[in-house]
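Hi,

Here is the structure I promised to pass on to you. Have a look at it first, and then read on for what turned up.

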Amino acid sequence: MADRSKGFMRDEFVTYAYILLYIALSSGQIFFNKWVLSSKEINFPYPLGLTLLHMIFSSVLCFLLTKVLKIVKVEEGMTLEIYVTSVIPIGAMFAMTLWLGNTAYLYISVAFAQMLKAIMPVAVFILGVAAGLEMMSCRMLLIMSIISFGVLVASYGELNINWIGVVYQMGGVVGEALRLIFMELLVKRKGIKLNPISLMYYVSPCSAICLFVPWIFLEKSKMDGNGPWNFHFVVLTLNSLCTFALNLSVFLVISHTSALTIRVAGVVKDWVVVLVSALLFADTKLTIINLFGYAIAIAGVAAYNNHKLKKEASKVTTETSGDGESIPLVSQTNTNSER
């Protein structure tokens with residue numbers, strides 16, 4: 001009995017450790033990106049270049065882990081047709097999300113960017129309805145209205161609003177919503193189930209190519225114009241490594257807990273980012289209206305998560321076979337690794 005109790009306590013401790021690791025890495029990565037892009041010491045105001053570096057680093061590391069060291073096995077079932085019709089769109093939308101989201105940090109505060117991201121479920125739902133993956137209902141309309149109202153109130157309370165930054169952030173939100181829709185289509189219609197490492201193994205090279213083309217035209221000339229490239233190798237390598245570690249922490253949390261846990265942890269992380277950024281960055285000025293609007297939006301996001309989890313639970317129940325063996329389902333969790 002004592003051994004069993006100790007084992008339970010050890011498992012519980014490990015679970016909480018993974019959750020705290022995810023919150024710390026997710027929040028820290030946002031602050032790290034903001035600092036790299038805006039710091040005069042680093043002098044690297046190139047969101048496209050930074051995101052491209054992340055994807056190249058992730059591609060190389062995934063290849064080493066799966067093909068050289070063989071620590072992680074790449075999931076089977078990928079075909080050329082699936083890669084072209086599903087993985088490439090996912091990679092392109094992932095690149096768009098990270099590029100536009102990181103660019104927004106040059107114009108708006110981390111806290112305000114996080115508040116605008118709360119509109120994500122609305123974008124996912126609207127695109128899901130258009131793709132035939134979601135059904136319109138009065139309950140969902142109410143939830144979407146609450147989230148939208150909260151984001152509007154939070155935006156109204158922003159003291160130093162920059163509409164260029166808002167446009168970039170909203171573009172990132174649309175890109176992330178499209179990525180999630182393509183992910184759901186990949187699972188539902190193609191029947192492919194990938195763990196995060198396998199997903200990054202396939203997606204990262206595609207995202208790197210999608211980022212390389214606009215980088216050539218939009219940022220390379222600026223970097224060349226500033227003289228010889230002066231990379232802070234240690235800082236940028238650590239930044240890329242933290243991005244990869246964040247993806248790994250998501251895998252660990254999901255494998256040791258549930259979709260509900262990662263969603264609750266995500267809400268906690270959002271509040272941590274908003275509040276801590278007010279202490280770290282001079283461009284963050286929170287107001288009562290800001291926080292009130294964000295609280296309304298988060299309440300709507302919580303209601304949305306609860307609705308989705310109940311829907312997934314009902315699917316598991318209805319898709320259980322007569323002999324008691326359940327058909328495995330894959331639920332996609334919104335885990336933006338860099339924003």
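How much area does the protein expose, and what share of it do carbon and sulfur atoms supply? The exposed area is about 16900 Å², and 70% of it comes from carbon and sulfur atoms. Please keep in mind that this is a predicted model.

On the overall build: the protein has 12 helices and zero strands. It counts 339 residues, 48% of them buried. Among contacts with a separation of 6 or more, 87% are between residues 24 or more positions apart.

Now to the surface. Ile56, Val60, Phe63, Leu64, Val68, Leu69 and Ile71 make a nonpolar patch of about 650 Å². One of these residues, Val60, belongs to helix H2 (residues 47–68) and is partly exposed, its relative accessible area being 46%.

The salt bridges are worth a look too; the count comes to three.

- Glu176 and Arg179 pair up at 2.9 Å, N to O. They are three residues apart in helix H7 (residues 163–190), so about one helical turn separates them. Both residues are buried.
- Asp224 and Lys220 pair up at 3.0 Å, N to O. Here, too, about one helical turn lies between the partners, because they are four residues apart in helix H9 (residues 220–225). Asp224 is partly exposed at 38% relative accessible area, and Lys220 is partly exposed at 29%.
- Lys269 and Asp270 form a salt bridge with their closest N and O atoms 3.1 Å apart. Lys269 and Asp270 are both buried.

Enjoy exploring it!

Best wishes

Note on methods. Residues numbered from 1 in each chain as written. Predicted model: local features only at pLDDT ≥ 70, side-chain atom pairs only at ≥ 80, totals over all residues. Heavy atoms only, no water. Helix = DSSP H or I, 4+ residues; strand = E, 2+ residues; numbered from the N terminus. Buried < 20%, exposed > 50% of the residue type's maximum accessible area, 1.4 Å probe, protein only. Contact = heavy atoms within 4.5 Å. Areas by Shrake-Rupley, 256 points an atom, 1.4 Å probe, with all protein chains shown as cover. Patch = residues over 30% accessible without salt bridge, like charges linked within 9 Å, V, L, I, M, F, W, Y side chains within 5 Å. Salt bridge = Lys/Arg side-chain N within 4 Å of Asp/Glu carboxyl O.
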